[in-house]
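Colleague: I have the model open and would love a close look at one part of it, with its surroundings. Please start wherever you like and take me through it step by step.

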Amino acid sequence: RNPDPEVLVALNRAATAARLMAGAVHEVNNALQVISGSVELLEQQPDLPPPVVKSLERIKRQSARAASALSEVLAFTKAPLEGVERFSVRDTVTRAVGLRRYAAGRLGLSIELDAPSGASELASANEGYVQQAVLNLLMNAEQAMASSAPGVIRVALPCTDERIGVRVSDAGPGLSPEVTAERGRPFVSTKA
């Protein structure tokens, strides 16, 4: 059957946004490298006053933190959107959690990750789709719990020798029966 034209437009828009995001991340990362290099040069100056040394350390820490966050975003935007590959589910879920921790924290929520080493940690699937699914579940959990913060979103990877699972749990209100019946369809939302 032919794909729905509206779905194709949405997918094309998402692919374009990912390319733009990758370019923006690259530019911001270049600026952070200049900042870090400048801080290193300043740190080599003799007899810097203690408040200046403290400020330089703070700039260096925050630049490294921003670069790390950008690295996670870039890894996500470069994730293949087609094809199957072998990848570590634990690493993919850990990256997704890392991308949402700051936003969740600003809402008064924390994310706990239980990802023990398991025999079936490696999967053959589309890693980009798996990471996007986990990100979507995390954002849904954040939205569901935003009005009842503080709270905890739990992410677990129950693994056996034959199966890998990803479980995201929250203490939100849950879904109505009407939404539950529609949840497998693309672009279904409870938002206005």
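Modeller: Happily! Let me start in the loop between α1 (5-43) and α2 (50-77), where D47 has its place. Bear in mind throughout that this is a predicted model. Phi of D47 is near 60 degrees, a positive value in a residue that is not glycine. With a relative accessibility of 77%, D47 counts as exposed, since the cut-off for that class is over 50%.

From this loop, let us step back for the overall layout before zooming in again. Five helices and five strands make up the elements of the protein chain, and from the N terminus they follow the order α-α-β-α-β-β-α-β-β-α. Of the 192 residues in the chain, 22% are buried. Among contacts between residues at least 6 apart in sequence, 76% join residues at least 24 apart.

The part I would like to examine with you is the sheet and its helices. Three strands form an open sheet in the order β2-β4-β5, and the pairing is mixed. Because β2 (109-114) and β5 (167-169) each have a single partner strand, they stand at the edges, and one side of each has no neighbour in the sheet. On average, neighbouring strands here are turned by 15 degrees against each other, direction ignored. The pairing of β2 with β4 (residues 151-156) is parallel and runs over six bridges. If you want a spot to click on, try I111, whose bridge partner in β4 is I153.

Now add the helices. Helix α3 (residues 89-106) packs on the sheet and touches β2 and β4; the direction of α3 makes about 165 degrees with that of β2. Helix α4 (residues 127-145) also packs on the sheet, touching β2, β4 and β5, and the direction of α4 makes about 160 degrees with that of β4.

These two helices also pack on each other. The axes of α3 and α4 lie 9 Å apart, at an angle of about 30 degrees. Angles under 35 degrees count as roughly parallel, so α3 and α4 fall in that class. Their crossing is right-handed. On the α3 side, the contact takes in T92, V93, R95, A96, V97, L99, R100, A103 and A104, and they meet E127, V130, Q131, V134, L135, L138, M139 and E142 of α4. Sorted by class, that contact has 11 nonpolar, two polar and four charged residues.

Two more residues are worth a look. S88 sits in strand β1 (residues 85-88). At 11% relative accessibility S88 counts as buried, because that class covers values under 20%. Leaving aside residues up to four places away in sequence, S88 touches E121 and L122.

P150 lies in the loop between α4 and β4. With a relative accessible area of 71%, P150 is exposed. Even so, P150 has contacts with distant parts of the sequence: not counting residues up to four places away, P150 touches G108 and L109. P150 and G108 are 42 residues apart in sequence, and their C-alpha atoms are 4.8 Å apart in space.

To pull it together, picture the open sheet β2-β4-β5, with α3 packed on it and α4 packed on it too. The two helices, in turn, are roughly parallel to each other.

How values were computed
Residues are numbered from 1 along each chain as its sequence is written. This is a predicted model: local features need pLDDT of at least 70, side-chain atom pairs count only at pLDDT 80 or more; totals for chains, interfaces and linings use all residues. Side-chain values use heavy atoms; hydrogens and water are left out. Two strands pair if DSSP finds at least two bridges between them. Helices (H or I, at least four residues) and strands (E, at least two) are DSSP runs, numbered from the N terminus. Axes are lines fitted to C-alpha atoms, for helices over the stretch in contact, and angles run from 0 to 180 degrees between N-to-C directions. Contact means heavy atoms within 4.5 Å. Angles under 35 degrees count as roughly parallel, over 145 as roughly antiparallel, 65 to 115 as roughly perpendicular and the rest as oblique. A crossing is left-handed if the near helix is turned anticlockwise from the far one by less than a right angle, and right-handed if clockwise. Ala, Val, Leu, Ile, Met, Phe, Trp, Tyr, Cys and Pro count as nonpolar, Asp, Glu, Lys and Arg as charged, and the others, Gly among them, as polar. Buried means under 20% relative accessible area, exposed over 50%, partly exposed in between (1.4 Å probe, protein chains only).
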